[in-house]
Amino acid sequence: MDNIIVSDLTKKFVKKGKRKLLRREKEDILAVDHISVKVKKGELFGLLGPNGAGKTTLVKCLATLLIPDEGTATIDGHDIITDPISVRKILGITTGGERTLYWKLSARDNLKYFASLYGLSSKDAEERIDYLLDIMDLKKKQHQRLEKYSTGMRQKVSIARAILHDPKILLLDEPTLGLDPSFSMFLRSFIKNDLNKKEGKTILLTTHYMDEADQLCDRIAFVDRGKLIVVDTSKNLKRNVSKNEALEIKCIGNIDKLENFNAHIKNKKDYTKIRILHENTEDIMDDVLKDVKERAKILSVNVTRPTLEDVFVHLTGSKLEDEYE
Amino acid sequence: MNSFYNLSIISAEVKKCLKILLCYPMELVFWCIFPIFWAVPFIFQGNALVGGMESEAFSKLTGTTQFMPYILIGAVLNTYVLSALYGMSNSLREESYWGTLELILGSPCSKIPILLGKALNEAVTSTIFAVMQIFICVIIFGLDVAVNQILPIMLIVILLMLGLYGLSIALAGITIQIKQSHSLIHTIEYLFYLFSPVRYPVNINPWIRMVSLVIPLTYALTVVRGIMLLDKSLINLWQNVVILLAIDIGLIVLGYYIFFYIEKRARKSGIISTY
């Protein structure tokens with residue numbers, strides 16, 4: 001059974017341009033371009049794409065925060081346009097961005113406020129808040145104002161707020177964005193093991209961290225420039241790349257292009273990373289290394305299996321801006 | 001269940017707003033004394049101009065020779081205007097700035113109890129401020145407040161607040177759309193100063209008098225001053241009360257429709273998501 005059915009959903013935004021005399025130029029930006037996708041009950045589904053791909057806009061349409069221009073979606077059978085109240089009752093959402101809570105209030109006061117918006121009785125709210133603060137390991141600091149919390153602790157409160165009313169379906173928009181590794185690890189484990197496996201919640205998660213999607217999601221949809229590129233399991237996506245090896249070279253030097261090879265080059269703070277997909281990397285190794293050596297100092301050379309990021313670059317030609325740590 | 005649910009939302013909203021307000025103690029002190037400090041220079045100015053605290057010319061326009069209590073009453077009642085405009089209209093802007101507006105609008109509850117909660121919070125805090133200001137006026141300026149005047153004045157203040165909150169709900173909606181509140185609020189605030197009898201009688205100028213007829217504060221000030229300075233009763237002033245009530249109904253209906261029209265428009269344009 002499908003819990004989320006998105007049908008030909010389209011969302012445009014109007015971007016204001018230069019002013020010409022009395023009129024201002026306007027340009028339509030197609031943030032979500034006729035996307036259709038289905039998410040099964042109990043599935044952990046990943047929407048993967050670079051910043052500005054349209055992931056958040058799609059999530060906000062599903063959460064009834066935006067009204068689509070064309071198409072629609074149903075959440076557990078309720079239409080997002082004609083029955084938004086029913087949709088909101090069964091949805092939990094975390095939106096990206098750090099400030100989605102009241103920093104002048106404590107974690108407990110924040111949760112109590114949102115519990116009242118979702119119609120929890122005082123007794124049920126107290127019990128649920130106790131439980132959530134406990135599993136999030138926030139009980140000791142529950143009465144401290146959020147302005148004194150770390151980013152990771154605030155994100156824990158944000159997740160607790162999203163699941164306060166025990167929703168069937170969760171929309172998690174970049175839940176680990178900007179968190180340090182230990183908090184990210186905790187949240188990923190909580191999302192996969194507790195929310196998805198134990199409680200059986202259907203989860204739609206957006207991320208631009210390829211490894212996070214690879215690790216967590218049952219199926220992954222690649223989104224780029226508002227379009228849905230492909231939907232499949234991580235394993236199948238990787239299998240479908242015809243090149244079955246990736247040559248990865250880390251070096252110091254200014255390289256932005258390799259003349260004879262289709263290389264994916266990332267200039268990082270301390271080094272440059274070059275990845276080339278090929279059927280048999282041994283065939284090209286000498287030529288590539290010779291080319292790189294002429295312009296840079298090589299730090300390491302590795303041959304790996306293609307990653308999800310390789311698949312994404314292969315299918316879209318786009319890069320993901322940040323790398324998952 | 002539904003009305004209990006709505007009441008619990010109103011209560012949660014009031015508690016939330018009060019807790020956040022208490023994080024800014026200087027703000028509380030400011031609102032308790034600022035409107036009176038703001039009025040004092042006008043009292044001194046009047047004193048310097050007429051050479052005393054009473055004026056016959058003033059009496060011809062207002063029915064009372066004493067301009068000091070006239071200005072102080074204007075200052076105290078104007079607190080409700082300032083509080084409604086700044087507190088209520090700005091509150092949704094603040095929610096947007098805090099990133100919580102989306103979550104509130106994305107919750108399954110009706111948005112009316114949330115707005116009512118914000119209005120009630122403003123009413124409670126404005127009344128605390130007004131009581132503090134009256135206390136200062138009684139102690140320092142010897143303002144005379146009789147016990148039997150309190151009940152009818154409270155009734156007029158409630159009627160004034162209803163209209164102001166209708167207006168501020170509309171402004172709150174407009175604030176979601178235009179993403180800034182200060183210039184809009186300042187404009188309304190100064191229109192109220194100019195066209196209602198806060199500092200001076202509107203009879204001073206026919207144009208000001210004409211515009212003042214659509215401002216609820218004009219009728220509230222007329223009734224409260226009539227009770228406190230001219231020993232009139234609500235029955236003597238019933239026409240002002242009826243007009244105030246009619247303006248309240250108009251502003252509440254207008255505020256409701258403007259807010260929900262803009263909320264829907266904002267969900268279409270995506271402006272809710274931007275700061």
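# Notebook: sheets of chain A and its contact with chain B

**Entry 1. The β1–β4 pairing.** I began with β1(A) and β4(A), which run antiparallel and are joined by 5 bridges. I took one bridge from this pairing: A:I4 has A:I75 of β4(A) as its partner. I note that the model is a predicted one.

**Entry 2. The sheet around that pair.** I then looked up the sheet itself. It is open, has 4 strands in the order β2-β1-β4-β5 (chain A), and is paired antiparallel. Which strands are at its edges? They are β2 (23-40) and β5 (78-79) of chain A, each with a pairing on one side only.

**Entry 3. The β4–β5 hairpin.** Strand β4 (residues 70-75) of chain A is joined to β5(A) by 2 bridges, and the two run antiparallel. I met A:I75 again here, since its bridge partner in β5(A) is A:H78. A:T74 stands opposite A:D79 in β5(A). The hairpin of β4(A) and β5(A) has 2 residues between the strands, and A:D76 takes a positive phi near 50° in it.

**Entry 4. The second sheet.** I moved on to an open sheet of 6 strands. The order is β6-β7-β8-β3-β9-β10 (chain A), and the pairing is mixed. Its edge strands are β6 (91-94) and β10 (227-232) of chain A, and each pairs on one side only. From one strand to the next the twist averages 15°.

Inside this sheet I checked one neighbouring pair. Strand β7 (residues 169-173) of chain A and strand β8 (residues 202-207) of chain A pair in the parallel sense, over 5 bridges. One bridge here sets A:I169 against A:T202 in β8(A).

**Entry 5. Helices on the sheets.** Helix α1 (residues 55-62) of chain A packs on the sheet of 6 strands and touches β3 (44-48), β6, β7 and β8 of chain A. The direction of α1(A) makes about 150° with that of β8(A). I also found α1(A) in the list for the sheet of 4 strands: α1(A) lies across β1 (2-20), β2 and β4 of chain A, running at about 120° to β1(A). A further helix, α5 (residues 151-162) of chain A, lies across β6 and β7 of chain A and runs at about 165° to β6(A).

**Entry 6. A salt bridge between strands.** I counted salt bridges next, and the structure holds 30 over all chains. I looked at the one between A:K227 and A:D33, where the closest N and O atoms are 2.5 Å apart. What does this pair tie together? A:K227 lies in strand β10 of chain A and A:D33 in strand β2 of chain A, so the pair ties together parts that are 194 residues apart in sequence. Both β10 and β2 were already in my notes as edge strands.

**Entry 7. One more hairpin in chain A.** Strand β12 (residues 263-267) of chain A is joined by 5 bridges to strand β13 (residues 272-278) of chain A, and they run antiparallel. The two form a hairpin with 4 residues between them. In β13(A), A:K273 is the bridge partner of A:K266.

**Entry 8. Where chain B meets chain A.** I turned to the interface. On the chain B side 32 residues are in contact with 27 residues of chain A. The area buried between the chains is about 2,800 Å², and carbon and sulfur atoms give 61% of it. Which three residues of chain B supply more of its buried area than any other three? They are B:L103, B:P108 and B:R267, with 26% of the area that chain B buries against chain A.

The rule finds 2 salt bridges across the interface. One salt bridge that I looked up joins the side chains of A:K60 and B:E102, at 3.0 Å from N to O. The count of residue pairs in polar contact between the chains is 11. Several elements of chain B give two or more residues to the side that touches chain A: α1 (2-22), α4 (67-98), α5 (101-105), α6 (111-141) and α11 (238-269). Of these, α1(B) gives the most, with 8 residues.

**Entry 9. Confidence.** I closed with the scores. The model has ipTM 0.82 and pTM 0.84. Chain B has a mean pLDDT of 87, and 98% of its residues reach 70 or more. Where in chain B is confidence lowest, and where highest? It is lowest in helix α2 (residues 25-50) of chain B, at a mean of 83, and highest in helix α9 (residues 206-212) of chain B, at 94.

How values were computed:
Residues numbered from 1 in each chain as written. Chains lettered and ligands numbered in written order. Predicted model: local features only at pLDDT ≥ 70, side-chain atom pairs only at ≥ 80, totals over all residues. Heavy atoms only, no water. Pairing = 2+ DSSP bridges. Axes fitted to C-alpha atoms, helices over the stretch in contact; angles between N-to-C directions. Contact = heavy atoms within 4.5 Å. pLDDT = per-residue confidence, 0-100. Buried area = accessible area lost by both parts, 1.4 Å probe. Salt bridge = Lys/Arg side-chain N within 4 Å of Asp/Glu carboxyl O. Polar contact = N/O pair within 3.5 Å; in protein donor to acceptor, adjacent residues only side chain to side chain.
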